[in-house]
Amino acid sequence: MFRRPLDFLESLPVHGDLVEIRLGPRRAWVACDPRLVHRILMDPRTFDKGGPLYDRLRTLMGDGLVTCRQDDHRRQRRMLQPAFRPSRAADCTRVVTEETEAVCRGWRAGQRVDVTAEMLALTTGVTSRLLFSDSLDAGRAAAVRACLAVVVRGLFVRTVVPVDALYRLPTPGNRRYRHAVLRLHTLIDAIIAERRRGPSRDGQDDLLGTLLEAAAGDGADAPTEREVRDQLVTLLLTGVESTAMCLASAFGLLADHPEAERLLHDEVDGVLAGRPAPGPGELERLVHTRCVVTETLRLRPPGWLFTRITTRETELAGRILPRGATVLYSPYLLHHRAASFPEPEQFRPERWLPDRDTPVPGGAMVPFAAGSRKCIGDALAMAQATAAVAAVARDWRLRPVSGPAGRPRPAATLGPRSLVLLAEPRARARARRTATAQSPAPRAAPHHPRTGFPMGR
Ligand code: HEM
């Protein structure tokens with residue numbers, strides 16, 4: 001599990017639907033069957049957030065929305081949900097386009113670009129504007145990214161080898177991890193303090209404003225000072241990291257699949273027809289672009305392994321699990337099952353075309369999980385990733401430097417930690433095409449008929 005986690009996970013289903021493994025000294029059970037995972041996700045009172053991943057995440061995110069126990073979940077979700085209403089996901093296309101242009105402005109023809117670093121810069125810009133209305137200044141944005149890199153690596157080790165004593169040792173790695181956590185907290189505290197000191201921003205429609213307003217209330221549900229920070233750390237980290245990994249994986253896969261890339265360029269040229277950016281109206285017409293994002297989330301789900309803890313003795317797949325048992329589910333494992341997806345190792349965006357109506361069984365495609373703990377940012381992430389892929393593809397091809405990139409080695413998230421591709425401008429090709437472009441007919445559908453994912457607005 002530690003050395004070759006993806007191979008290890010893929011080897012499990014032959015042993016049954018629920019497989020007992022060891023995580024360091026602990027026993028744990030991996031649910032390998034989509035129906036079991038569906039049951040776990042639909043019963044969060046029995047399978048609550050806990051286990052080695054969430055125990056560790058709590059030292060970073062406190063008891064914010066990702067990590068909180070089920071008994072406080074409804075209150076927190078109600079408080080944050082307004083910031084994630086569907087119209088916000090559509091608004092975000094303008095912000096994404098501006099941030100994408102800011103990132104791509106530095107690229108030159110023939111330059112080797114670290115796509116992972118660039119996508120992290122892009123999602124840091126977008127997420128910070130959603131949370132605080134302002135982009136983080138360059139120094140703080142770089143500090144957030146540096147801390148993230150340390151934290152996602154450290155979290156993985158601490159999840160698969162959950163031996164607390166090991167991480168209390170004063171080793172350089174442990175010191176780096178503790179320093180990164182502390183630095184993130186300090187950065188967020190400074191942002192909150194600046195907003196409090198600064199001029200009144202009444203009516204400012206950002207998440208920090210919503211949280212501070214709620215904290216000023218005297219109701220029993222009002223968040224404490226500590227919770228305001230926990231929620232900001234939670235949303236900044238989840239928003240930045242997962243979406244950046246999805247984007248970096250998408251460009252890596254496109255570079256290795258020229259036909260999918262050609263279809264993407266044709267669609268982007270047709271739909272944008274020379275305009276600088278996809279607006280909300282264009283988003284739902286970027287059908288192939290969206291399929292590229294969905295297929296990337298299937299093949300390389302950024303959230304690839306999650307833990308739960310049983311709150312009572314319960315039966316699962318014919319086994320009686322005691323209270324306090326660690327249960328794992330892996331979107332990666334489920335998305336790579338041939339029974340759910342023929343030729344699961346192949347990158348085939350067309351699997352997700354709305355008119356291919358073979359339904360995906362419940363629990364088989366869970367990049368954003370399911371049930372009441374489903375990702376609150378799913379629509380935002382889909383809109384953001386679709387708009388960013390289109391905005392980059394409008395002007396640039398990203399070509400492999402050497403051979404195919406291969407499978408990334410996972411940390412707390414899955415994605416290429418440093419993917420270097422060659423930037424080629426598409427200006428000439430686009431000029432040729434826009435002269436003859438015919439936009440494809442819009443296919444409006446608010447939710448994808450097969451995945452149930454929001455379709456853009
Ligand atoms: C491609 C991008 C993303 C992916 C793949 C992703 C994936 C996930 C997954 C799998 C979960 C459930 C974890 C579990 O079952 O233990 C989750 C939860 C969550 N995600 Fe995301 N996420 C993404 C983007 C975002 C964004 C952009 C935000 C916010 C800015 C966000 C905020 C959250 C929060 C707050 C939760 C906890 C929800 C709850 O328990 O009510 N995510 N995400």
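What classes of residue make up the shell around the ligand, and how many are there of each? In this predicted model, the shell has 16 nonpolar, seven polar and five charged residues. The close-ups below start there and then move on to a helix and some paired strands.

**View 1. Here's the shell of residues around the ligand.** Altogether, 28 residues surround the ligand, and the closest are Tyr 54, His 73, Arg 308, Tyr 329 and Cys 375. Helix H4 (73–80), helix H11 (225–256) and strand E5 (306–310) each chip in at least two residues of this shell. H11 gives the largest share, with six residues.

**View 2. Now look at the polar side chains that meet oxygen atoms of the ligand.** His 73 has a polar side-chain atom 2.6 Å from an oxygen atom of the ligand. For Tyr 329, a polar side-chain atom also sits 2.6 Å from a ligand oxygen. Arg 373 joins in too: an N or O atom in its side chain is 2.8 Å from an oxygen atom of the ligand.

**View 3. This one is about the iron atom of the ligand and its protein donor.** Which residue provides the single donor from the protein? That's Cys 375, whose SG atom is 2.3 Å away from the iron. To find Cys 375 along the chain, go to the loop between helix H15 (331–335) and helix H16 (378–395).

**View 4. Meet helix H6, residues 115–132.** With 18 residues at 1.5 Å a residue, H6 should span 26 Å, and its end C-alpha atoms are 25 Å apart, which agrees. Why is H6 described as largely enclosed by the rest of the structure? Because 14 of its 18 residues are buried. Check out the ends as well. At the N-terminal end, Asp 114 acts as a cap, with a side-chain oxygen 3.1 Å from the backbone nitrogen of Thr 116. Just after H6 comes Ser 133, which takes a positive phi of about 70°.

**View 5. Finally, strand E10 (residues 420–425) pairs with strand E4 (residues 112–114) and with strand E9 (residues 396–400).** E4 and E10 pair in the antiparallel sense over three bridges. Asp 114 turns up again here, with Val 420 as its bridge partner in E10. E9 and E10 are antiparallel too, and they pair over five bridges. In that pairing, look for Pro 400 opposite Leu 421 of E10. As you trace the side chains, keep this in mind: in a regular strand they alternate between the two faces of the sheet.

Technical notes. Residues are numbered from 1 along each chain as its sequence is written. This is a predicted model: local features need pLDDT of at least 70, side-chain atom pairs count only at pLDDT 80 or more; totals for chains, interfaces and linings use all residues. Side-chain values use heavy atoms; hydrogens and water are left out. A residue is near a molecule or strand if one of its heavy atoms lies within 4 Å of it. A polar contact is a pair of N or O atoms within 3.5 Å; within protein, one must be able to donate a hydrogen and the other to accept it, and residues adjacent in sequence count only if both atoms are side-chain atoms. Helices (H or I, at least four residues) and strands (E, at least two) are DSSP runs, numbered from the N terminus. Ala, Val, Leu, Ile, Met, Phe, Trp, Tyr, Cys and Pro count as nonpolar, Asp, Glu, Lys and Arg as charged, and the others, Gly among them, as polar. Donors are N, O and S atoms within 2.8 Å of the metal (3.2 Å for Na, K and Ca); water is not among the atoms, so sites may look incomplete. The expected span of a helix is 1.5 Å times one less than its number of residues. Buried means under 20% relative accessible area, exposed over 50%, partly exposed in between (1.4 Å probe, protein chains only). Two strands pair if DSSP finds at least two bridges between them.
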